[in-house]
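Open the model in your viewer and keep the selection tool at hand. The tour goes from strands to cysteines.

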Amino acid sequence: MAISALRRRLNALPSQPFFTHYEGDARIELSAVTFANWVDKTCNMLEDMGVDAGEVVQLDVARSHPGHWVTMVWVAACWQRGCTVSLTEDDTAALVVQGPGSLSDGRLTVACSLHPLGLGFPVVPAGCSDYAEVLAQPDDHVAEPVTPENVAVTPDVTFEDLRQVTPRAERLLATDPAPGWHTIRDLLVAPLLGNGSTVVVVEATEEHIERIRAQEHAEIG
């Protein structure tokens with residue numbers, strides 16, 4: 001499954017680039033070690049907020065910023081915590097995770113600034129917890145057990161479906177990814193299973209994209 005694949009990636013290629021994100025003048029690159037560290041911290045934040053294995057987490061940030069590294073960390077953290085990711089409105093969700101412009105509807109909500117370095121908001125949105133609080137969390141978290149039939153992404157993507165994703169060994173460049181399971185599959189799960197890596201470029205000209213592709217030695221997906 002995807003989380004055990006992340007652990008294998010840590011053993012095989014701990015320091016090589018795993019996920020690289022470009023937006024405007026900002027570039028952030030996460031190795032497997034760094035990505036897993038963010039995942040562990042986020043899992044501990046979920047636990048501290050009372051989100052238990054088997055519960056649903058509504059990732060609004062995956063709709064507003066589907067290719068962001070923070071989005072992918074949240075997806076992996078939910079799975080490691082044994083939770084189900086919802087990419088749509090879900091009244092049963094134990095937690096809502098939003099990006100900039102967050103607006104709590106009274107439910108437990110985490111707001112993510114999406115600062116390239118993970119920094120917080122100057123003023124935290126009302127009714128929300130700042131994702132930057134995750135930096136104070138411990139670095140280790142043991143994955144919760146899940147069965148192959150457990151739902152990883154609503155409505156019907158199971159943890160067995162994650163295991164069946166075609167592995168990718170190449171370094172893939174994706175531009176302006178669209179929301180949906182297919183983006184999570186292609187940019188997160190496939191490279192975890194195949195020891196590949198991902199470069200995401202948002203709102204760039206074709207000339208800039210080509211420069212990045214050459215610089216990153218990536219294939220355009």
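Strands here are DSSP runs of E with at least two residues, numbered from the N terminus. Two strands pair if DSSP finds at least two bridges between them. This is a predicted model, in which local features need pLDDT of at least 70, side-chain atom pairs count only at pLDDT 80 or more, and totals for chains, interfaces and linings use all residues. Residues are numbered from 1 along each chain as its sequence is written, and side-chain values use heavy atoms, with hydrogens and water left out.

**Stop one: the strands**

Select strand β3, residues 56–59, together with β5. The two run parallel, joined by 3 bridges. Pick Val57: opposite it, in β5, stands Leu95.

Now add strand β6, residues 109–111. Here too 3 bridges make the link to β5, and the strands run parallel. Click Val97 and look across to its bridge partner in β6, Val110.

Stay on β5, residues 95–98. Are its faces covered or open? Both are covered. Leu95 and Val97 are buried on one side, Val96 and Gln98 on the other. Buried means under 20% relative accessible area, exposed over 50%, and partly exposed in between (1.4 Å probe, protein chains only).

**Stop two: the cysteines**

How many disulfides does the structure hold? The count is 0, where a disulfide is a pair of cysteine sulfur atoms within 2.5 Å. Select Cys78 and Cys83. The Cys83 sulfur is the closest cysteine sulfur to that of Cys78, but at 5.7 Å it is too far for a bond. Cys78 is buried, at 0% relative accessible area.

Finish at Cys128. Its nearest cysteine sulfur, in Cys112, is 9.7 Å away, and Cys128 is in no disulfide. Cys128 also counts as buried, with 14% relative accessibility.

Methods:
Helices (H or I, at least four residues) and strands (E, at least two) are DSSP runs, numbered from the N terminus.
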